[in-house]
Amino acid sequence: MNGFVTWFSRRLRLRGAGSASASTGAVIAVGGVALAVIIIELSLAIVTGFKSEIRRKVAGFNAPVSVTAPVDVTTGHTGSTFAASDSLTDIIRASLPEGARLCPTLRRQAMVKTDSAFAAVEFVARGIGHDPAFERSCMVEGTMPSDTASRPEIVVSTSLASKLGLTTGSRPYLYFFVDGEVKARRATVSGLYCSHFGEYDDAVGYTAMPLLEGLSATPQLTSIDIEGISGDDAIAGYSDRLQERLVGAWRAGELSTLHPVTNVYDTGALYFNWLELLDTNVVVIFILMLCVAGFTLISSLFIIVLDRIPTIGVLRALGTTKHTVSAIFLRLALRLAGAGVLAGNIVGLGLALMQQHLRVIPLDPEMYYLSYVPVLVEPLHMLLLNAGILAAIWLILIVPAGYAARIDPASAMHYE
């Protein structure tokens, strides 16, 4: 019987002789499903790409995991800098996951002053172990500061440079506030960067470690960053384990100070919470588009069923069961849905891949932190999406297919 259902559903023509309604219903069904698939796939690809790019930028300015200055357990006060002891470094190294690395980091607040303007900037210097791939990807002019340069070098954002009238080669004065004193330095702008992340671009600059280390009499760090860890669970799990290990070492007397551990989800919580809201938008779009596709398919299938009532009457008169009639029209509707899904995939994935590689659609970076519409096509996500769409369509089509089986044979034979 299964073979008969397949054979008969294939023999049913979607364009009846002299019947425009069946043809129109089929076109509407395929077009509606295709449009829904295109919108859902593009929405998923754009949201995935947007989240990936924003995560990359937040992680570029903030290390995955950081061990910060010690906290005074009596007063609750946390220092700004600290001298890393050998015991602290050894404990962190012993707990490093595979592929992770230590990176000493020093941050200092400074006032950058030119002849006509000034601005507050946090200069960041990272030591051995840091991968500067993110900073280099944001560079638009010049080079990153060098540890071996004869004069102190800095890199600032293009937006800050525009406000202060700086260009590559300019030599502004830097005023650092260290240990209650103001220490002036003059540095050369070795390069300009632009991440389109306004909150960071206006506040963060880069320099080499010797400039910031020279501001204190003793070697100081702001944090010991652990880089090379990726994945939400891996970062959160490792930071929790490292914090437990440091607390245990402090209680056991292995460490004289207690160091807090933070991760990128703490320092960039505002952005990550905002990104989580995008998932809700995708779910809403998926439900709405699925309703559109379902309504279109149901309407089209009813049109097709009404156009073939005499055929249904003949089948029922020849002894075909209600279940078989229902299965025939369900199989027919799934053909339409399959054609719509296929067409939707061709157009939707084609547009997504084009934008992913060519970036033809721009965005206002002041509003969206990106200069183009970000797209990321994840094969597994698309496969699961298509499986979910087909499963939902199959469930939706059970109702109109069942209607075909309930048609009375005697009435169908006299239907005009």
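**Cysteines, overall fold and the largest pocket**

The structure holds zero disulfides. It is a predicted model, and its cysteines make a convenient place to begin. A disulfide is a covalent bond between the sulfur atoms of two cysteines. For Cys-138, the closest cysteine sulfur belongs to Cys-194 and sits 7.8 Å away, which is too far for a bond, given that a disulfide calls for sulfur atoms within 2.5 Å. Cys-138 has a relative accessible area of 5% and is therefore buried. Cys-103 is buried as well, because its relative accessible area is 0%; the cut-off for being buried is under 20%.

Turning to the protein as a whole, the secondary structure comprises 15 helices and 11 strands. The chain has 416 residues, and 46% of them count as buried. Among the contacts with a separation of 6 or more, 77% are made by residues 24 or more positions apart. The exposed surface of the protein comes to about 20900 Å², with carbon and sulfur atoms supplying 61% of it.

The empty space in the model deserves a look of its own. Rolling a probe the size of a water molecule over the atoms shows where empty space is left. In this structure, the largest pocket contains about 630 Å³ of space. Its lining is made up of 25 residues, of which Arg-55, Arg-56, Ala-59, Pro-64 and Ile-229 are the closest to the centre of the pocket. Four helices each give two or more residues to this lining: H2 (20-61), H4 (133-138), H8 (232-251) and H9 (264-267). Helix H2 gives the most, with five residues. Sorted by class, the lining of the largest pocket has 10 nonpolar residues, eight charged residues and seven polar residues.

A closer view of one residue, Asn-263, rounds out the picture. Asn-263 lies in strand E11, which covers residues 261-263. Is this residue buried or exposed? Asn-263 counts as buried, because its relative accessibility is 8% and the limit is under 20%. Beyond its neighbours within four places in sequence, Asn-263 is in contact with Ala-63, Pro-64 and Val-65, and also with Ile-235, Ala-236 and Ser-239. One of these partners, Pro-64, was met above among the residues closest to the centre of the largest pocket. Ile-226 is 37 residues from Asn-263 along the chain, and the C-alpha atoms of the two are separated by 9.4 Å.

Definitions and conventions:
Residues are numbered from 1 along each chain as its sequence is written. This is a predicted model: local features need pLDDT of at least 70, side-chain atom pairs count only at pLDDT 80 or more; totals for chains, interfaces and linings use all residues. Side-chain values use heavy atoms; hydrogens and water are left out. On a 1 Å grid over the protein atoms alone, a cavity is a set of points where a 1.4 Å probe fits but cannot get out, and a pocket is an open set with protein on both sides within 12 Å along at least five of seven lines; lining residues have an atom within 4 Å of a point. Grid points are joined across faces, edges and corners, and a volume is the space filled by probe spheres set on the points. Ala, Val, Leu, Ile, Met, Phe, Trp, Tyr, Cys and Pro count as nonpolar, Asp, Glu, Lys and Arg as charged, and the others, Gly among them, as polar. Buried means under 20% relative accessible area, exposed over 50%, partly exposed in between (1.4 Å probe, protein chains only). Contact means heavy atoms within 4.5 Å. Accessible areas come from the Shrake-Rupley method with a 1.4 Å probe; for residues, only the protein chains shown count as cover.
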